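Student: I want to test the labels on this model. I'll ask for the reason behind each one. Can we start?

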Amino acid sequence: MSTEHVKDVVREKYGQAALRARAGAGSSCCGGAAALEPCCDPITSNLYDAAQEGEVPDLAVKASLGCDNPTALAELRAGETVLDLGSGGGIDVLLSARRVGPTGRAYGLDMTDEMLALAEENKRKSGLENVEFLKGEIEHIPLPDNSVDVIISNCVINLSGDKDRVIKEAFRVLKPGGRFAVSDVVVRGQVPPEIRRNMELWVGCVAGALGDYEYVAKLAKAGFDGIDIETTRVYSIEDARTFLAGEGLDVDALARQVEGTFISGFIRATKPAAAACCGPSCCS
Ligand SMILES: C[S@@+](CC[C@H](N)C(=O)[O-])C[C@H]1O[C@@H](n2cnc3c(N)ncnc32)[C@H](O)[C@@H]1O
């Protein structure tokens, strides 16, 4: 699968998901089976508590397709600039905008027009002014170097065909001392090749997921330190049966093999702070 092919398929499927969400027909896509009811999707369901859902328009909740709740886990402070990679219908951008307040700013970046239209509608309904949605690819972030305090993302980096590039870009736009605070599907152990090469399961946030050691190595290679992956959900054999269904695979056999292999992880890392200047000559 070429990176461009992956991107085209992902864009098309998430465009359809955005249209379904707008039509009130359930927006499930992460989790594999596009026909699932959102109530039952093992990956995208039950991520936000009632208080958080009350802070954003209903449509933002309905369009939510993440695998966790990065704004609940990330430390966000008043006045900070936050960037959400693959912001979809915008739920995490709107929640972040409330946390950083009017002196801060929350950007959402997405490549899918239908998702951006949904996010703009949700922004309008929220009345928030410190929010901006950008069209673009997470492999080429349209923001300057050293301009963001916190990068969040919810179940998107697994979808990229060029994860090294995404992580390098995240490092570039973060300010020194800036934080990477990302939720993603992560693999612990081996994934059978039938799953790895299934495009529907890639779109479903399963087939493209990085191994935990691989994730840590890629972040370290880009220059991050303080790297940690916290497990927030472990997908059971029943969950695996659900997300493998409808793909023409031997569901029972594969679900047994991947029981407990897929997790939702919260990945933290920090861009090292700039060295302090200690005198007129020591930093030159
Ligand atoms: C699984 S959904 C998650 C959306 C949102 N983060 C949420 O929690 O609801 C993936 C989103 O990422 C976007 N996306 C996927 N790959 C992308 C890429 N390479 N560049 C920009 N956006 C991308 C899709 O258009 C889609 O809106």
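Tutor: Start with the contacts. In the protein chain, 77% of the contacts with a separation of 6 or more are between residues 24 or more positions apart. Keep in mind that this is a predicted model.

Student: What makes two residues count as a contact here?

Tutor: Their heavy atoms must lie within 4.5 Å. N69 shows how that works: it is in contact with L47, Y48, Q52, N154 and S183, leaving aside neighbours within four places in sequence.

Student: How many helices and strands does the chain have?

Tutor: There are 12 helices and 8 strands.

Student: Why is the chain called as compact as a globular protein of that length?

Tutor: Set two values side by side. The radius of gyration is 18 Å, and the globule rule gives 19 Å for 284 residues. The two are close, so the chain is as compact as a globular protein of its length. As for the box, the C-alpha atoms fill roughly 70 × 40 × 35 Å along the principal axes.

Student: What share of the residues is buried?

Tutor: Buried residues make up 55% of the 284. The accessible surface comes to about 11,800 Å², and 51% of it belongs to carbon and sulfur atoms.

Student: Why is A21 called buried?

Tutor: The cut-off for buried is under 20% relative accessible area. A21 has 4%, so A21 is buried. A21 sits in helix 1. Its C-alpha is 8.9 Å from that of S64, although the two are 43 residues apart in sequence.

Student: Is N69 buried or exposed, and how do you know?

Tutor: Buried. Its relative accessible area is 5%, which falls under the 20% cut-off. N69 is found in the loop between helix 3 (58–62) and helix 4 (70–73).

Student: Why is E194 called partly exposed?

Tutor: That label covers values between the buried limit of 20% and the exposed limit of 50%. E194 has 33%, so the label fits. E194 lies in helix 8 (residues 193–196). It touches L249 and L254, not counting residues up to four places away in sequence. E114 is 80 residues away in sequence, and the two C-alpha atoms are 31 Å apart.

Student: What makes E200 partly exposed?

Tutor: Its relative accessibility is 28%, so E200 also falls between the two limits. E200 is in helix 9. Its C-alpha is separated by 40 Å from that of A78, 122 residues away along the chain.

Student: What makes a set of residues a nonpolar core?

Tutor: The residues must be buried, of nonpolar type, and joined through side-chain atoms within 4.5 Å. The largest such set has 39 residues. Y14, I195, L244 and F262 have the most contacts inside it. Two or more residues come from each of helix 1 (3–22), helix 6 (113–126), strand 5 (174–187), helix 9 (199–203), helix 11 (237–244) and helix 12 (251–258). Helix 1 gives the most, with 7 residues.

Student: Which residues does F262 touch?

Tutor: Not counting residues up to four places away in sequence, F262 touches V185, V186, V187, V191, I195, V206, V234, Y235 and F243. Apart from this core lies another, of 28 residues, among them I138, A170, F171 and F224.

Student: Which residues of helix 7 are buried, and what covers them?

Tutor: In helix 7 (residues 163–173), the buried ones are K163, V166, I167, E169, A170, F171 and V173. Their cover includes strand 1 (81–85), strand 4 (148–154), strand 5, helix 9, strand 6 (210–211) and helix 10 (212–222).

Student: Why are some positive phi values worth a remark?

Tutor: Most residues other than glycine have a negative phi. N146 is not a glycine, and its phi is near 50°. It lies in the loop between strand 3 (131–135) and strand 4. At 41% relative accessible area, N146 is partly exposed.

Student: What is the phi of C205, and where does this residue lie?

Tutor: Its phi is about 70°, a positive value, although C205 is not a glycine. C205 lies in the loop between helix 9 and strand 6. Its relative accessibility is 0%, so C205 counts as buried.

Student: How many charged side chains does the chain have?

Tutor: It has 30 positive and 42 negative ones, and the centres of the two sets lie 3 Å apart.

Conventions
Residues are numbered from 1 along each chain as its sequence is written. Side-chain values use heavy atoms; hydrogens and water are left out. Helices (H or I, at least four residues) and strands (E, at least two) are DSSP runs, numbered from the N terminus. The radius of gyration is taken over C-alpha atoms; the globule rule is 2.2 Å times the number of residues to the power 0.38. Buried means under 20% relative accessible area, exposed over 50%, partly exposed in between (1.4 Å probe, protein chains only). Accessible areas come from the Shrake-Rupley method with a 1.4 Å probe; for residues, only the protein chains shown count as cover. Lys and Arg count as positive and Asp and Glu as negative; His and the chain ends are not counted. The place of a charge is taken as NZ of Lys, CZ of Arg, CG of Asp or CD of Glu.
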